Amino acid sequence: MARQRSRNVTLTDVARRAGVSVATASKALNARDEVAPETRRRVLEAAEQLAFQPNVLARGLLTGRTRTIGLLTDELGGRFSIPILLGVENALANGQMSVLLCDARGDAIRRQHYIRTLLARQVDGFVVLGESNDLRPSLTRHIPVPVVYVYGESDNPDDLSVLADDEHGARLATEHLVSLGRRRIAHVTGPESYRAARDRAASARAVLAAAGLQLAGGAPLFGEWSQRWGRHAARTLLAAHPDIDAIFCGNDQIAAGVAGALREFGRQVPEDISIVGYDNWHEFAADCQPPLTTVDLNLQRLGETAVHHLFAALDGQPATGVVRQPCRLVVRDSTGPPPPRLAR
């Protein structure tokens, strides 16, 4: 039967078409367990035939929920924000929920204004998106609904934070280089003030120590998250340690700069020196010459994971602490075993 929608269809119309009470029709449409499968089938079929669109506001009055989530970020235009937001939106859409997005731009006053605004809209919960994996002040005391932090750890251990596992990512990168037979491995990364940089460096050192090796040069080279720093660091390394055979970089921008400097010095990648990046940022990783082996943070999945934990909290099963999501290694052409003449 063709759909009809000549006027606003009500729940009463659906109930009448299905031959049930309004209360039973409501329970069927809301997937309540006390409705028999055959009854639910008839109600859903009637709703489809009548092109019934439930009144979300009315449903909210009955259930106490608006099926809307507030997403609060400090850096909407950041490199990591968009993939996480896509994951959040995808998971919410699958749950037939909507999202209201607010960018505080790092401003505490703006952030509190947005919290009040979202609460006035009666959002069911919050996802708070950080700009890095670093610790951030908890906002939960200002928010009377469930909150999940993603890509930024709350400083309150009673909150739930979903993070990319930087130690795991660095371990994958370093173990890959060691497995290829690389033995003089350097590490070039971003500012030491970033916890992600410190965690990756510590993990790389631990893997090398387990293999009976040390970082080339004895310590990581901390600097900027930039190609310029990658070029400068590569020149410094080659001048002081011309026998290095691999460089693990703290992000793909640094790795692209390193690759450019190595070409200037006539070093072949990966034959002479293998390079591993971090982030799997397509503009740098796939377009680098040669394309970069790199660590993917699975940022979209990170956003989806945060929403799944928020759903659990909304269902009365909140969690606390830190959830660290594993990374994955994407192998491309910038890594390989050393030539036989260089292998030891």
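Trainee: How many aromatic pairs does the count come to by this rule?

Mentor: Rings of Phe, Tyr and Trp (its six-membered ring) pair up if their centres lie within 6.5 Å. Going by this rule, the count is 4 aromatic pairs.

Trainee: And what do I have in front of me, exactly?

Mentor: It's a predicted model, where local features need pLDDT of at least 70, side-chain atom pairs count only at pLDDT 80 or more, and totals for chains, interfaces and linings use all residues. Residues are numbered from 1 along each chain as its sequence is written, and side-chain values use heavy atoms, leaving out hydrogens and water.

Trainee: Phe-80 and Tyr-151 form an aromatic pair: what kind?

Mentor: Planes under 30 degrees apart count as stacked, over 60 as edge-to-face, and the rest as tilted. Here the centres are 5.2 Å apart with 35 degrees between the planes, so by that definition Phe-80 and Tyr-151 are tilted.

Trainee: How many residues apart in sequence are the parts that this pair ties together?

Mentor: Helices (H or I, at least four residues) and strands (E, at least two) are DSSP runs, numbered from the N terminus. Phe-80 sits in the loop between strand E1 (68-73) and helix H5 (81-94), and Tyr-151 in the loop between strand E5 (147-150) and strand E6 (153-154), so the parts tied together are 71 residues apart.

Trainee: Which residue forms a salt bridge with Asp-166?

Mentor: A salt bridge is a side-chain nitrogen of Lys or Arg within 4 Å of a carboxyl oxygen of Asp or Glu, and the whole structure has 12 of them. Asp-166 is in helix H7 (residues 166-179), and its partner, 34 residues away, is in helix H8 (residues 195-210). With the closest N and O atoms 2.8 Å apart, that partner is Arg-200.

Trainee: What area is buried between domain 2 and domain 3?

Mentor: The bounds, from an automatic or database domain assignment, put domain 2 at 68-164 + 299-325 and domain 3 at 166-297. Buried area is the accessible area (1.4 Å probe) that two parts lose on being put together, summed over both. Carbon and sulfur atoms give 44% of it, and the total is about 900 Å².

Trainee: Which residues of domain 2 lose the most area to domain 3?

Mentor: Together they make up 49% of what that side buries, and they are Arg-79, Asp-134 and Ala-164.

Trainee: Where is the cis peptide bond that has omega near -5 degrees?

Mentor: Most peptide bonds are trans. This one involves a proline in the loop between helix H11 (282-285) and strand E12 (294-296). The cis bond runs from Gln-289 to Pro-290.
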